[in-house]
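This briefing concerns the packing of helices and the surroundings of selected residues. Please read it alongside the sequence and the structure shown below.

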Amino acid sequence: MKRVVITGLGAITPIGNSVAEYWKALTQGKSGAATITKFDASGLKTQFACEVKDFDPFLYMEKTEARKNDLYAQYALASTHECITDSMIDFEKVDRTRCGVIWATGIGGVGTFESQIKEYFSPENKGRISPFFITKMIPNMGSGLISIKYGLQGASYATVSACSSSNHALTDSYNLIKMGKADVMLAGGSEAPITIATVSGFSVIKALSERNDTPETASRPFDESRDGFVLGEGAGVLMLEELEHAKRRGAKIYAEMTGYGLASDAYHITGSHPEGLGAQLAMTEAMREAGLKPEDISYINCHATSTPVGDISESKAVAAIFANCLDKVAVGGTKSMTGHLLGAAGAIEATCCVLAVKNDLIPPTINLQNRDAAIDPRIRVEQTACKQTVRAALNNSFGFGGHIVSTLFQKYEE
């Protein structure tokens with residue numbers, strides 16, 4: 001089996017429109033939450049979100065191209081541009097039939113869908129609809145657009161598993177390289193869900209925080225007063241590359257992906273298993289494949305959305321697996337700063353894990369003022385950036401429907 005390394009990163013997030021900006025804001029504990037500006041949310045119970053700020057699609061594509069693409073696809077193209085630039089790969093000098101892209105989204109072009117339905121039924125529009133309606137809306141278009149733009153003729157498709165989507169994209173890409181079916185894979189996800197329909201939909205099922213007066217404190221994983229997640233948007237992408245291929249072209253190597261675990265809670269359409277059984281299965285399998293033990297893990301980027309049930313479920317899974325070394329592993333929830341990017345969450349949080357491994361620095365979990373007594377007190381949650389050796393990091397993603405993914409990244413060694 002081939003070894004798989006990370007040789008490029010790209011990000012568009014609510015706390016920074018590049019990997020450098022994103023990482024700096026993470027380590028400084030900055031929140032991306034604020035009152036919604038994309039539409040008038042004054043009539044909703046939740047009136048804030050983690051929006052991407054000052055995004056200019058024309059930095060990455062022509063106006064005609066941007067007009068044909070939903071915002072989620074624009075985020076995909078922008079983050080991929082950074083990732084490819086960062087990797088310093090020259091696709092003219094590699095076999096592009098062995099280069100591919102697996103791009104995730106939980107919802108796809110929901111903004112396009114919403115706006116086009118409104119236009120179709122408006123009196124002045126008389127039933128007309130855009131010729132780009134379908135291609136802007138469908139969830140596979142992120143992978144299609146990227147593969148077309150860069151001439152990548154290898155595997156190209158979308159993974160859709162709600163909030164686990166982009167972590168699934170990473171596992172599929174890893175498998176293709178590990179089994180010798182690809183040399184280079186762009187694995188990531190993007191989401192642009194801050195629309196009136198999406199915010200209303202999550203609000204009506206009581207999934208969102210309603211802290212309208214102080215949105216920057218609303219995403220509060222593990223806190224006793226948490227009342228739901230904060231919706232976010234953006235994109236993240238990692239270049240996965242076969243080790244020898246990377247070495248031949250002199251690529252810089254951030255970290256190595258050495259394992260993953262997949263499971264299902266098989267419990268409820270929106271709620272996680274009370275004991276976190278799916279999370280236990282996934283984390284255990286990721287470590288087994290990597291040949292690591294619980295005491296080898298330095299950092300866990302938890303799914304940690306700050307929902308009342310979910311945080312307790314995941315903390316129970318962590319406590320069960322790491323019972324004998326909870327003082328050694330730092331547990332964090334970066335959604336406290338970025339909000340929840342749904343299908344893109346796994347990718348930006350994997351990026352965080354890779355940077356934590358590379359820089360030996362663990363970002364904080366902010367807004368944890370009064371720790372929930374139901375969360376094992378031995379679990380170590382850093383509230384300021386923590387400098388320590390990070391040998392290996394786990395990245396957890398859980399999606400509606402019970403989809404569980406845990407990916408594992410560790411320091412690259414010859």
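## Helix packing and buried positions

Helix H13, residues 345–359, has 15 residues and reaches 21 Å from its first C-alpha to its last, close to the 21 Å expected at 1.5 Å a residue. The model discussed here is predicted. The points below take up H13, three helix pairs and three individual residues.

**Helix H13**

- H13 is mostly covered, with 13 of its 15 residues buried.
- Aspartate 360 follows H13 and has a positive phi, near 55 degrees.

**Helices H10 and H11**

- Helix H10 (residues 277–290) packs with helix H11 (residues 308–321) at an angle of about 45 degrees, and their axes are 9 Å apart.
- This angle makes H10 oblique to H11, because angles from 35 to 65 degrees fall outside both the roughly parallel and the roughly perpendicular classes.
- The crossing of these two helices, H10 and H11, is right-handed.
- From H10, the residues Ala279, Gln280, Met283, Thr284 and Met287 take part in the contact, and they meet Ala317, Val318, Ala320 and Ile321 of H11.
- By character, the residues of the contact of H10 with H11 comprise seven nonpolar, two polar and no charged.
- H11 is mostly covered, since 10 of its 14 residues are buried.
- Buried in H11 are Gly310, Asp311, Ile312, Ser313, Glu314, Ser315, Ala317, Val318, Ala319 and Ile321.
- The cover over the buried residues of H11 includes H10, strand S9 (299–301), strand S10 (330–332) and strand S14 (392–399).

**Helices H3 and H6**

- Helix H3 (residues 71–87) and helix H6 (residues 141–150) have axes that come within 9 Å and cross at roughly 45 degrees.
- H3 and H6 are therefore oblique to each other.
- H3 passes H6 in a crossing that is right-handed.
- On the H3 side, Tyr72, Ala73, Ala76, Leu77, Thr80, His81 and Ile84 make the contact, and on the H6 side they meet Met141, Gly142, Leu145, Ile146, Lys149 and Tyr150.
- The residues of the contact of H3 with H6 divide into nine that are nonpolar, three that are polar and one that is charged.
- An α-helix has 3.6 residues a turn, so residues three or four places apart point the same way.

**Helices H4 and H8**

- The axes of helix H4 (residues 110–121) and helix H8 (residues 196–204) cross at roughly 110 degrees and come within 8 Å.
- H4 and H8 are therefore roughly perpendicular to each other.
- H4 contributes Val110, Glu114 and Lys118 to the contact, while H8 contributes Ile196, Ala197 and Thr198.
- The contact of H4 with H8 involves three nonpolar residues, one polar and two charged.
- H4 has 12 residues and reaches 17 Å from its first C-alpha to its last, close to the 16 Å expected at 1.5 Å a residue.
- Val110, Thr112, Glu114 and Gln116 are the buried residues of H4, and they pack against helix H5 (133–137) and H8.

**Serine 203**

- Serine 203 is placed in helix H8 and is buried, with a relative accessible area of 11%.
- Its contacts, leaving aside neighbours within four places in sequence, are with Lys45, Thr46 and Leu208.
- The C-alpha atoms of serine 203 and glutamine 47 are separated by 10.0 Å, although these residues are 156 residues apart along the chain.

**Threonine 171**

- Threonine 171 is located in helix H7 (residues 165–178).
- With 1% relative accessibility, threonine 171 counts as buried.
- Apart from its neighbours within four places in sequence, threonine 171 is in contact with Met257, Tyr260, Leu262, Val405 and Thr407.

**Proline 364**

- Proline 364 lies in the loop between strand S11 (361–362) and strand S12 (380–381).
- The relative accessible area of proline 364 is 3%, and this residue is buried.
- Residues up to four places away in sequence not counted, proline 364 touches Leu26, Thr27, Gly29, Ser336, Met337, Glu382, Gln383, Thr384 and Ala385.
- Proline 364 and threonine 334 are 30 residues apart along the chain, and their C-alpha atoms are separated by 7.3 Å.

Key: Residues numbered from 1 in each chain as written. Predicted model: local features only at pLDDT ≥ 70, side-chain atom pairs only at ≥ 80, totals over all residues. Heavy atoms only, no water. Axes fitted to C-alpha atoms, helices over the stretch in contact; angles between N-to-C directions. Helix = DSSP H or I, 4+ residues; strand = E, 2+ residues; numbered from the N terminus. Parallel < 35°, antiparallel > 145°, perpendicular 65-115°, else oblique. Left-handed = near helix turned anticlockwise from the far one by under 90°. Contact = heavy atoms within 4.5 Å. Nonpolar A, V, L, I, M, F, W, Y, C, P; charged D, E, K, R; others polar. Expected span 1.5 Å × (residues − 1). Buried < 20%, exposed > 50% of the residue type's maximum accessible area, 1.4 Å probe, protein only.
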